[in-house]
Amino acid sequence: MSDQEKPSYAKGLEGVIAGETSISKVDGEAGQLYYRGYPIAELAENKSYEEVVYLLINGELPDTEQSILFSAKMRNARDLSEPILQMIRNFPRGSHPMELLQSVIAYLSAYVEHRIHHGPHCNCRDTLHQVAQLASVIAAYHRISQGLEYVPPRRNLSHGANFLYMLRGEEPSPEEGRIMDTALVLHADHSFNASTFTARVIASTQSTCYSSISGAIGALYGSLHGGANEKVVDMVEEIGSASAVEPWLDHALASGRKIMGMGHRVYRAKDPRAVIMEGFLEKLSEQTGDRHYYDILKALETSMARRMAEKGKPIYPNVDFFSGAIYRLLGIPKGLFTPIFAMSRAAGWLAHILEQRVDNRLYRPKALYTGPEPRHIT
Ligand SMILES: CC(=O)SCCNC(=O)CCNC(=O)[C@H](O)C(C)(C)COP(=O)(O)OP(=O)(O)OC[C@H]1O[C@@H](n2cnc3c(N)ncnc32)[C@H](O)[C@@H]1OP(=O)(O)O
Ligand SMILES: O=C([O-])CC(=O)C(=O)O
């Protein structure tokens with residue numbers, strides 16, 4: 001088939017509307033993100049992760065009573081059962097925690113009543129296992145793999161603060177807890193991104209919430225998606241200092257490297273989440289007296305903006321650009337950055353799975369066949 005005869009199609013589904021959603025809206029031109037109509041900056045400033053989970057799943061912010069009940073439910077669901085702890089203890093050391101997360105979700109499904117529920121009211125909406133327990137799994141894996149004791153969750157801390165507590169075995173400062181919780185708010189949903197789309201495709205086959213979320217974790221792992229936050233910190237370590245940014249970029253761009261944490265399929269402006277994360281990084285850099293990451297990242301941002309503008313292709317930081325550096329300054333190891341993204345995004349995935357089921361149609365696109373014409377074995 002000649003190139004002229006080929007039907008056109010959108011590679012990577014770029015620009016294709018693949019479904020309807022009322023959960024979040026990404027305004028790529030304006031650089032704005034809304035959850036259920038609320039601007040992300042307002043939610044980040046005023047709401048906890050638990051309230052945002054409620055909003056994503058139920059469509060409205062909780063009132064005071066609903067908020068208390070929902071928080072209690074999520075906090076009660078934080079505990080890990082003995083089989084899950086056993087699985088974490090037995091998981092091969094040296095595996096990436098994203099591999100553990102993907103497996104843990106599938107394993108968890110063996111211990112809960114869920115298989116018959118394929119509708120929007122399946123019990124995942126109520127048990128909130130996947131949303132509440134990922135943080136505990138990540139913290140447990142980190143401590144167990146370091147030869148430390150598992151620290152059980154506390155019920156009097158926000159989701160973000162409890163995660164830091166379970167990692168460290170010590171309560172974080174209120175400021176650290178707030179930064180962690182807000183980072184979770186910022187990562188909770190982003191319309192039809194690759195991992196959420198994966199979750200919806202799996203849900204569209206009438207599979208379970210558990211398999212849908214396990215698949216979504218796999219999609220998030222890659223370095224073009226959630227895995228970029230870890231790669232950004234690798235890149236900063238490779239660059240070494242702000243003064244090395246220009247020669248490093250000359251070489252990286254000449255050899256066709258993508259700059260991790262920059263660029264986006266939808267945003268044509270700075271990602272609004274990166275704006276908020278940058279503020280946190282600046283604050284933490286001042287407080288800790290460690291400006292290393294901030295200075296290198298800002299030099300990279302400025303230089304890339306200039307270089308790409310000269311080419312007529314402006315490029316801006318995305319949500320992954322500053323997050324890894326923030327986690328680093330909170331004392332979190334690199335291997336946990338993408339899992340942290342997953343533990344937040346689990347809320348968005350669950351909301352999308354439930355929405356998919358309300359008016360489901362199996363996802364099954366067509367492909368343009370480019371293989372041999374029919375032939376016979378001779
Ligand atoms: C949470 C998230 O998933 S956010 C995204 C996280 N991923 C990253 O940060 C990885 C780095 N970024 C990228 O690889 C890309 O920007 C993506 C995958 C996120 C989006 O990519 P696409 O929409 O497919 O854009 P595409 O890769 O076609 O880029 C368009 C142009 O901008 C350039 N460009 C895009 N991103 C980058 C980048 N990070 N570094 C250098 N150049 C880039 C491309 O080389 C391309 O130039 P060309 O037209 O001369 O070939
Ligand atoms: O929307 C996307 O393609 C990627 C993204 O920023 C996210 O999932 O948060």
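Is H264 buried or exposed? H264 has 21 C-beta neighbours inside 10 Å, so it counts as buried. The cut-off for burial is 20 or more other C-beta atoms within 10 Å. The model is predicted, and every value below is computed from it or taken from a record.

## The annotated site

An unreviewed UniProt entry places the feature "active site" at H264 and D320. The two span 57 residues in sequence, yet their C-alpha atoms are no more than 10.5 Å apart, so they gather at one spot.

Their settings can be taken in turn. H264 sits in the loop that runs between α13 (245-254) and α14 (272-288). D320 belongs to helix α16, residues 320-329. D320 is buried because 29 C-beta neighbours lie inside 10 Å.

The contacts are listed without residues up to four places away in sequence. On that basis H264 touches D271 and N318. D320 touches A228, N229, V232 and G261.

The table sets these two residues beside A347, which is located in helix α17.

| Residue | C-beta neighbours within 10 Å | Contacts beyond four places in sequence |
|---|---|---|
| H264 | 21 | D271, N318 |
| D320 | 29 | A228, N229, V232, G261 |
| A347 | 30 | V53, L56, I57, V131, A188, D189 |

## The two ligands

Ligand 1 is surrounded by 17 residues, and the closest are H225, A228, I259, G263 and R265. Its shell holds seven nonpolar, six polar and four charged residues. A228 is among the closest residues to ligand 1 and is also a contact of D320.

Around ligand 2 stand H190, N193, R265, V266, N318 and V319. By class, this shell has two nonpolar residues, three polar and one charged. R265 appears in the shell of ligand 2 and among the closest residues to ligand 1. N318 is part of the shell of ligand 2 and touches H264.

## Helix α16

Which residues of α16 are buried? They are D320, F321, F322, S323, G324, A325, I326, Y327, R328 and L329. That makes ten of its ten residues, and the helix is mostly covered. The cover includes α9 (174-187), α12 (228-239), α14, α15 (292-310) and α17. Just after the helix, G331 takes a positive phi of about 85°.

## Helix α17 and its partner α10

Two packed helices are described by the angle between their axes and the distance between the axes. For α10 (residues 194-204) and α17 (residues 337-358), the angle is about 35° and the axes are 9 Å apart. The crossing is right-handed. From α10, the contact draws on S195, T196, A199, R200, A203 and S204. From α17, it draws on R345, G348, W349, H352, I353, Q356 and R357. By class, the contact has four nonpolar, six polar and three charged residues.

An α-helix has 3.6 residues a turn, so residues three or four places apart point the same way.

A347 also lies in α17. A347 is buried, because 30 other C-beta atoms lie within 10 Å. Leaving out residues up to four places away in sequence, A347 touches V53, L56, I57, V131, A188 and D189. A347 and V16 are 331 residues apart in sequence, and their C-alpha atoms are 24 Å apart in space.

Notes. Residues are numbered from 1 along each chain as its sequence is written. Chains are lettered from A and ligands numbered from 1 in the order in which they are written. This is a predicted model: local features need pLDDT of at least 70, side-chain atom pairs count only at pLDDT 80 or more; totals for chains, interfaces and linings use all residues. A residue is near a molecule or strand if its C-beta atom, placed from the backbone, lies within 6 Å of it. Ala, Val, Leu, Ile, Met, Phe, Trp, Tyr, Cys and Pro count as nonpolar, Asp, Glu, Lys and Arg as charged, and the others, Gly among them, as polar. UniProt positions are given in the numbering used here, feature names are shortened, and annotations may be inferred rather than shown by experiment. Helices (H or I, at least four residues) and strands (E, at least two) are DSSP runs, numbered from the N terminus. A residue is buried if 20 or more other C-beta atoms lie within 10 Å of its own, exposed if 12 or fewer, and partly exposed in between; C-beta atoms are placed from the backbone. Two residues are in contact if their C-beta atoms, placed from the backbone, lie within 7 Å. Axes are lines fitted to C-alpha atoms, for helices over the stretch in contact, and angles run from 0 to 180 degrees between N-to-C directions. A crossing is left-handed if the near helix is turned anticlockwise from the far one by less than a right angle, and right-handed if clockwise.
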